[in-house]
Every structure is written in structure tokens, then in C-alpha cells.
Amino acid sequence: MAPSTWQPDALGPDFSTLTFDLGADPDGEGQIAATLVRHRPPASAAAAVLYVHGFTDYFFQRELAEFFTSRGYAFHALDLRKCGRSQRPGQTPHQITDLAAYDTELDLALEQINTDTGGVPVIVVAHSTGGLITPLWLDRLRSRPDSSSGRPAGLVLNSPWFDLQGAPILRTVGTTVINSVGRVRPLQAIPRKLEGAYGRSLHNSVHGEWDYDLNYKPLDGYPVTFGFLSAVRRGQARLHQGLDVGVPSLVLRSDATTLAGPGPDGVVAHIDSADGVLDTRQIARWAGCLGDRTSVVPVPGARHDVFLSSAGVRELAYTEMDNWLLSNQERIRGGQNA
């Protein structure tokens, strides 16, 4: 599982990538890899960041990277196996049947960051599905006293996927069906309507301001398989039992939800100023399950990805994160990842 050498990245000359060869896919889709993306590091980093994306997503957020590097953080992002830069021909994008399998590339990324920076404290920043994957990883990492890659010192979650949105029956009877089918037909896609309103509100080819690769983040999203959703539901059940991530946490979310379909004019109401993917009430409900000291901040008018909201809204989100970083600076930069 040795990494390759750093290579130029499509985001530009101030970004580079490192590929981790992860060997054979435990889910039977050939050889898999993960990709670490690095922004040009500051002259002297006092801390570092590891960013983890969500579903139908990958790292492309230059503005987020520049926010951290301008404050002296060494910024890194991880495209997980079968996601973004790590996709390989013939593989089902984002397919996995056990979220704990991501520990492999998360551990490798953390070890590489520690090597590159000399072991400065690391903050984990994660969005949506990544906001479920990373707390579970930190909880397991905390219980591994022999971890050679150290432990992160802080956690920032951006609209984390803490529960299954939709009707209550989906979280009871529906989950039983999801888990049953996921065991025998993990690659079977779950029937659903893909309106694509959220993607169209983001990409600059339609109604948005952001430029990213539609091969890695298609407007209508990737199909959700029973195997993947079963893994998510098991991870959510573990979260609901209560975790101990062992570090201070910040949870950013929108102050409103819009999960209804399009109206007669084909427009989804408030898609630019509310979370059109997850139910923010569920995020608020389960945030206390992270353990340690947790701050939850609703950001008025935010999209599902609060850092892809309109300019004024994301400025507020960055201010909230800045304030949290400053208020936790002593603990974060006090060597908590050693």
C-alpha cells in the first residue's frame, strides 16, 4: 500500500496528488486506489487539515483550501476509493458495503500528512456522507492505542448525514428491507427520482457558480445501491448509540430544509437557500452523539454544502468556522494528535 510520488493536479499548479494503491477491492470490483490532494503548503504550518467529501462528490473546493492555507494550515483532501480521482473503469462509483473499510485510506492519509508536516495537529473536515464516515473512524481510532498515524485534534462537519431522510417508515421497515437486499444484491440500485435540482443549483453550466468535473459529480447524482445504503444505515445506527470522537467538534448546517419535489414550474422551492438533500432537524437531533465538546451552528440560508452556498452565506459559514478554530486553538494546536 505504498503511495506513489506527488503528481500535478487538474486544479492547477498549486495542487498536487498522491495515489495510494489499496490492492484488491473487498467488494469484488478489481484493484482500488485512493487519492490524496495537497494544496501548496504554507511556509510553516502550525496545524493541518484533512478534508473528506460526500456521496456523488469529490474534492474541488479551491476556496476552502485557500481559507485554511491563508491561516497557516497545511491543507489536504482525500478522494476515497471509487470516488472522484480514485474512480477506475468498471467500478461502481462510491460503492462500498462497510464504511469501516475506509479506515485504510484515512489512516494512510493521516500518516502521510504527519510525515509531510512533521506531526503537527490535524483537523478533520468532512461533508455529508464524509460527515458520517469520519466520526466513526475517529471513534475507532481513539480505541486503537497502537495507532502509528496519531490522532486528529479537531473535527468540523458540514451537513453530516446522521440519519435517513424521508418518511419515518424508511427508518424502520425500509431499513430492514435495505439491509436484507444489501446482503444478497449489494449492487442493485434503489429506485428513486433524481431531479438533479441540487446539482443544477451548483454547476456553472446551469444555474450555479461552481466549476467541477461532471464525470465525478454528475448533475443528477450517482445511483444509490442497496449495499451502499445498508452500510450507511449500519453506520448511522452505530452513531445513534453514541460515539467518542475524542476531540472538539463543530457541526455546520443550514437553518432550513427543502426536500419537496419541483413545483408546477419545475423549480424546487428554496433550493438555493436551504438543504435540499438532508433533513437539518436530524442533524441537530443526533449531533450530541459525537461525544466530547460539540458546537452546532445553523447557518441561515445555507445550501446542503454550506461552503457552496451563495457568497454572503458562505462568508458567514467561514466566519463561524474561523471563530471556532480560534476558540479551540489552544486545544487543537496543543499536540492533541500525538
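**Group meeting: loops, sheet and rings**

Let's start with one residue: Ser128 sits in the loop between S6 and helix H3 (130-142). Its phi is near 55 degrees, a positive value in a residue other than glycine. Is Ser128 buried or exposed? It counts as buried, at 7% relative accessibility. One caution before I go on: this is a predicted model.

Now a second loop residue with a positive phi. Thr56 is not a glycine either, yet its phi is about 50 degrees. You will find Thr56 in the loop between strand S4 (47-52) and helix H1 (62-69). Thr56 is buried too, with a relative accessible area of 9%.

Stay in that loop. Gln61 also lies between S4 and H1. At 5% relative accessibility, Gln61 counts as buried. What does Gln61 touch, leaving aside its neighbours within four places in sequence? The contacts are Tyr51, Asp305 and Leu308. Keep Tyr51 in mind; we will come back to it.

Next, the sheet. It is an open sheet of 9 strands, and the pairing is mixed. Read across, the order is S1-S2-S3-S5-S4-S6-S7-S8-S9. Which strands stand at the edges? They are strand S1 (7-9) and strand S9 (294-299). Each has a single partner strand, so one side of each has no neighbour in the sheet. On average, neighbouring strands are turned by 25 degrees against each other, direction ignored.

Look at the S9 edge. Strand S8 (residues 249-254) and S9 run parallel, joined by 6 bridges. For a place to click, take Val251: its bridge partner in S9 is Val296.

A helix packs on this sheet: H8, residues 311-327. It touches strand S5 (73-79), strand S6 (122-127), S7, S8 and S9. The direction of H8 makes about 165 degrees with that of S8.

On to the aromatics. How many aromatic pairs are there? The count comes to 13. One of them is Trp161 with Phe228. The centres are 6.5 Å apart, with 35 degrees between the planes. That makes the pair tilted.

Where do these two residues come from? Trp161 is in the loop between strand S7 (154-158) and helix H4 (173-184), while Phe228 belongs to helix H6 (residues 226-240). So the pair ties together parts that are 67 residues apart in sequence. Both Trp161 and Phe228 are buried.

Then there is an aromatic cluster, and here Tyr51 returns. Its members are Phe15, Tyr51, Phe59, Phe67, Phe68, Tyr73, Phe75, Phe307 and Tyr318. Remember that Tyr51 is also a contact of Gln61.

Rings meet charges as well. Arg38 lies over the face of Trp6, 3.9 Å from the ring centre. Over the ring of Tyr212 sits the charged end of Lys217, at 5.8 Å from the centre.

Last, cysteines. How many disulfides does the structure hold? The number is 0. Cys83 is buried, with a relative accessible area of 0%. Cys289 counts as buried as well, at 13% relative accessibility.

To recap, I would look at three places on the screen. Go to Ser128, with its positive phi. Go to the S9 edge, where S8 runs parallel to it. Then go to Trp161 and Phe228, the tilted pair. That's it from me.

Definitions and conventions: Residues are numbered from 1 along each chain as its sequence is written. This is a predicted model: local features need pLDDT of at least 70, side-chain atom pairs count only at pLDDT 80 or more; totals for chains, interfaces and linings use all residues. Side-chain values use heavy atoms; hydrogens and water are left out. Rings of Phe, Tyr and Trp (its six-membered ring) pair if their centres lie within 6.5 Å; planes under 30 degrees apart count as stacked, over 60 as edge-to-face and the rest as tilted. Helices (H or I, at least four residues) and strands (E, at least two) are DSSP runs, numbered from the N terminus. Buried means under 20% relative accessible area, exposed over 50%, partly exposed in between (1.4 Å probe, protein chains only). A charge sits over a ring if NZ of Lys or CZ of Arg is within 6 Å of the ring centre and within 35 degrees of the ring normal. A disulfide is a pair of cysteine sulfur atoms within 2.5 Å. Two strands pair if DSSP finds at least two bridges between them. Axes are lines fitted to C-alpha atoms, for helices over the stretch in contact, and angles run from 0 to 180 degrees between N-to-C directions. Contact means heavy atoms within 4.5 Å.
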